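Colleague: I would like to go through this chain with you, piece by piece. Could you put it on the screen before we start?

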Amino acid sequence: MSLLPPEASGLLRSVFGYDAFREGQAEIIAAVLAGGPVLAIMPTGSGKSMCYQLPALIEGGLTVVVSPLIALMRDQVSQLRALGVSAATLNSLNAPDENEAALAALRAGSLRLLYVSPERLAMDGLIAALRRARVRRLAIDEAHCVSEWGHDFRPDYRRIGAAALALAEGGEPVQVVGLTATADRATREDIARRLFPAPPRLFLHSFDRPNIELNFAPKDQPRRQLARFLEKHRGESGIVYCASRERCETLSDYFETCGHAAVPYHAGLDHAARNRNQDRFLQEDGVVAVATIAFGMGVNKPDVRFVTHADMPSSIEAYYQEIGRAGRDGLPADTLALYSLDDMAFRRRQIDARDISDERRRIEHARFGALAMLCETPACRRQTLLAYFDEERGPCGRCDICQDRVPVIDGAVPAQKALSAVWRTGQRFGANYLADVLVGADTEAIRRNGHDSIRTFGVGREFAKAEWASILRQLFAAGALRTASERHGGFALTDKGEAILRGQSPIRLRRDPIAAREKRAGKAASLVAPGHEAALAALKRKRLELAREEGVPAFVIFADRTLIEMAERRPATLDEMRAIHGVGQVKLARYGEGFLQALEEASR
Ligand code: ADP
Ligand code: ZN
């Protein structure tokens, strides 16, 4: 029932060489041609660009495409030119004569598609030139960049709405078409509000990427876990995401010693080295990129066969975006995400340390929480993941849980104990408090609430506190618990939870709650970003040595937080050391040198 003009399929064939539209394309293209604002949300690799490229060819007139990634713009322009389409890009990396040629083509009225960065679009000069050229349509790629709630917020995206109005001044309105692969409901609404003059027609396509296999594992011996996974994929291209630059380097070296072709990619490398490594990944077969999140935006490599997270990503959206870089060609692709309590603590601390509103912080925590739940869910990963994006579906058959690779047990008894604790404490407490009740901990809060006299107090001594916390999170992930109130994050029973509590509904739980394995990691390690554990240990040794010399408690020398910051930021001079939290003049003079030396020795 698509209302596409008859020439659409012909152009798809003659210009692009494709025989049929992909799912969703025809109706979006029809809506774009019909006019009015359109917001299209489709998974990566589904062919979003076609949704504005083909209309530009059908109708004539100029389409301005805003994209945050210069590399991607250049790619698209060369692809379009190769197809014989008149396209150009204006950006800061162009040689001056390239920009000149683009502007000349614009003046001559021969351009169909002009790709510009959001910064450019905000410049007055360009707006004037575009107004003369009569822009028909503004296509906003990666539209989620307009929202602070998305994961790649670009302040310049905020000016696009005004630019659209400026372009239309005194003439026809300019149609705005937004496209993105990621947006949960909150972000979607935010995009609609900020980018469009009027509420857009929304096209929301399934986020499912059925060819991507989903696996998660608690960190046990992460290097070995990663090595085993890479071994399965020897000779294939893949990406390993890490939380820190240092970890990129050490893992990349390690993979090399295992005989893989591996290249590091992170913001600490100079421009040339980064480009060199990225080119190798793009050009050679079977190269593994070991990268921080800086990598992959705009990497259009279709045959990435696997994506691994050596550390937990920052949110469920980031996770999905990153694994989405695998298998764009539709062939099977594999993923593995490692997680640990340390990672969880690290990400939570990162969120707490950010300079954002309380409201925003709550959202960030919720998004990270959704990822933590996904790690711990005893139910199908894809089902759990897609439920987050409001999609309902059955078990997938292509994840570690569906394929029985995660040990799960009949969880009726522990589930009933945990749910009963939720019930009897009035459905207002979180996992930590409830776990304390279950193990019968003697805490002030429990006594004050009188919860040391309820029947559930201490019925769970067979598990450690952290294991109970994990079981509670699993129950949440399985839909047996919900958060009681947005503000406090306590748990309440759902209908499903009540059925389990009454023994009317079965529940499976993971047999390996992560907490059990994490005990030996110790407390200090749990606070520092992955990859900096050794440096922190060295700093602590130094602190202990000084504390002994001076006969004072360790924290008098420096607080943990100070050492953690030193370990993560690696000051190399006294000046840099001065910038660390908790390092004043006096301590700098007294201890600065000693700790600098400890850091230096640790990184040898
Ligand atoms: P997205 O922006 O959604 O990640 P792209 O627009 O880059 O995806 O498209 C991904 C790939 O699919 C591109 O190589 C594109 O040329 C190709 N493609 C787009 N539409 C079709 C189609 N109808 N049939 C076959 N291939 C298509
Ligand atoms: Zn599954």
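Colleague: Are the two faces of S6 covered or open?

Modeller: Both faces of S6 are covered, with Gln 175, Val 177 and Leu 179 buried on one side and Val 176, Gly 178 and Thr 180 buried on the other. Buried here means under 20% relative accessible area, whereas exposed is over 50% and partly exposed lies in between, with a 1.4 Å probe and protein chains only. Strands (E, at least two residues) and helices (H or I, at least four) are DSSP runs, numbered from the N terminus.

Colleague: Before we go on, what kind of model is this, and how are things counted?

Modeller: This is a predicted model, in which local features need pLDDT of at least 70 and side-chain atom pairs count only at pLDDT 80 or more, while totals for chains, interfaces and linings use all residues. Residues are numbered from 1 along each chain as its sequence is written, chains are lettered from A and ligands numbered from 1 in the order in which they are written, and side-chain values use heavy atoms, with hydrogens and water left out.

Colleague: Back to S6, which strands pair with it in the parallel sense?

Modeller: Strand S1 (residues 38-41) pairs with S6 in the parallel sense over four bridges, and Ile 41 stands opposite Thr 180. Strand S5 (residues 135-140) also pairs with S6 in the parallel sense over four bridges, with Leu 138 as the bridge partner of Val 176. Pairing requires that DSSP finds at least two bridges between two strands.

Colleague: What about S13, and which strands is it joined to?

Modeller: S13 runs parallel to S10, to which four bridges join it, and another parallel pairing of four bridges joins S13 to strand S14 (residues 333-339). His 309 in S13 stands opposite Tyr 241 and opposite Ala 337 in S14. Phe 306 and Thr 308 point one way from S13, Val 307 and His 309 point the other way, and all are buried.

Colleague: Changing topic, which residues of H11 are buried?

Modeller: In H11 the buried residues are Arg 247, Cys 248, Leu 251, Ser 252, Tyr 254 and Phe 255. They lie on the same side of H11 because they cover an arc of only 160 degrees around the axis, the arc being that of the directions from the helix axis to the C-beta atoms.

Colleague: And what do they pack against?

Modeller: The buried residues of H11 pack against helix H10 (222-232) and strands S10 (238-241), S11 (261-265) and S12 (287-291). After H11 comes Gly 259, whose phi is positive, near 90 degrees.

Colleague: Where does Ala 478 sit, and what is it in contact with?

Modeller: Ala 478 is in the loop between helix H20 (465-477) and strand S16 (481-483), and is buried, with a relative accessible area of 14%. Leaving aside neighbours within four places in sequence, Ala 478 is in contact with Pro 378, Lys 496 and Ile 507, where contact means heavy atoms within 4.5 Å.

Colleague: Last one, where does pLDDT stay under 50?

Modeller: Residues 514-526 stay under 50 in pLDDT, which is the predictor's confidence in each residue, from 0 to 100. Helix H23 (residues 522-525) has the lowest mean pLDDT among the elements, 38, whereas S13 has the highest, 97. Where pLDDT is low, the predicted coordinates should not be read in detail. For the protein chain, the mean pLDDT is 87, and 95% of the residues reach 70 or more.
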